[in-house]
Amino acid sequence: MEKLTDANISSAVAALPGWKVANAKLHREYKFPDFAHAFGFMATAAPLIEKMGHHPEWANVYNRVTVDLSTHDAGGITQKDFDLAALLESIAKKLA
């Protein structure tokens with residue numbers, strides 16, 4: 001998987017509301033009604049992420065889940081990161 005150009009990243013991130021590039025990674029903070037929903041989001045996503053074989057940097061504090069995506073092997077953001085972001089968005093919408 002090859003690192004995307006800045007132009008490719010800019011146009012792709014524009015199609016993902018709530019996502020931005022921060023510290024050379026795709027970044028998003030989800031806010032849920034409570035801890036159970038935030039943890040449920042992570043628990044629901046985990047098996048699907050494992051099947052993808054592409055793991056996020058993420059953290060949970062109470063009702064928030066912070067996600068950073070980058071493909072370490074490519075040294076930056078790749079299509080894998082956008083695919084994972086889209087998966088996370090679909091899960092978050094179901095839990096909102």
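Guide: The bend at a residue is taken as the angle between two fitted axes, one for the seven residues ending there and one for the seven starting there. The model here is predicted, and in it helix H2 bends by about 35° at Ala46.

Visitor: Which proline follows the bend at Ala46?

Guide: Pro47, which follows within four residues.

Visitor: How do you know what span H2 should have, and what is the distance between its end C-alpha atoms?

Guide: The expected span is 1.5 Å times one less than the number of residues. H2 has 18 residues and should therefore span 26 Å; its end C-alpha atoms are 25 Å apart, which agrees.

Visitor: What makes Asp34 a cap of H2?

Guide: A side-chain oxygen of Asp34 lies 3.3 Å from the backbone nitrogen of Ala36, at the N-terminal end of the helix. The cut-off for a polar contact is 3.5 Å between N or O atoms, so the 3.3 Å of this pair falls within it. After H2 comes Gly53, with a positive phi near 70°.

Visitor: Which residues of H2 are buried, and what covers them?

Guide: Ala38, Phe41, Met42, Ala45 and Ile49 are buried. Their cover includes S2, strand S3 (57-61), S4 and H3.

Visitor: Why is Arg28 called buried?

Guide: Buried means under 20% relative accessible area. Arg28 has 17%, so the residue is buried. Arg28 sits in strand S2 and touches Pro17, Gly18, Trp19, Val65, Thr66, Val67 and Glu89, leaving aside residues up to four places away in sequence.

Visitor: What makes the pair of Arg28 and Glu89 a polar contact?

Guide: Their side chains come to 3.0 Å. The limit is 3.5 Å, so the pair qualifies.

Visitor: Why is Ser90 called partly exposed?

Guide: Partly exposed lies between the 20% and 50% limits. Ser90 has a relative accessible area of 33%, so the term applies. The residue belongs to helix H3, and its C-alpha is 17 Å from that of Gln79, eleven residues apart in sequence.

Visitor: How do you know that S1 and S2 pair?

Guide: Pairing requires at least two bridges. S1 (residues 20-22) and S2 (residues 25-31) have three, in the antiparallel sense, so they pair. One of the bridges joins Val21 to Leu26 in S2. Two residues lie between the strands of this hairpin, where Asn23 takes a positive phi near 55°.

Visitor: What makes S4 a partner of S2 and of S3?

Guide: The same threshold of two bridges is used. S2 and S4 (residues 64-69) are antiparallel and joined by six bridges, with Val67 as the bridge partner of Arg28. S3 and S4 are also antiparallel, with five bridges, and Ala59 is matched with Thr66. Two residues separate S3 from S4 in a hairpin, and Tyr62 in the turn has a positive phi of about 50°.

Visitor: Which residues touch the most other members of the largest nonpolar core?

Guide: Trp19, Leu26, Tyr30, Phe41, Phe82 and Leu88, out of 24 residues. At least two core residues come from each of helix H1 (6-14), S2, H2 (35-52), S4 and H3 (79-95). H3 supplies the largest share, seven residues.

Visitor: What does Leu88 touch?

Guide: Setting aside residues up to four places away in sequence, Leu88 touches Trp19, Tyr30, Phe41, Ala45, Ile49, Trp58 and Val67. Here a touch requires heavy atoms within 4.5 Å.

Technical notes
Residues are numbered from 1 along each chain as its sequence is written. This is a predicted model: local features need pLDDT of at least 70, side-chain atom pairs count only at pLDDT 80 or more; totals for chains, interfaces and linings use all residues. Side-chain values use heavy atoms; hydrogens and water are left out. A nonpolar core is a set of buried Ala, Val, Leu, Ile, Met, Phe, Trp, Tyr and Cys residues joined through side-chain atoms within 4.5 Å. Buried means under 20% relative accessible area, exposed over 50%, partly exposed in between (1.4 Å probe, protein chains only). A polar contact is a pair of N or O atoms within 3.5 Å; within protein, one must be able to donate a hydrogen and the other to accept it, and residues adjacent in sequence count only if both atoms are side-chain atoms.
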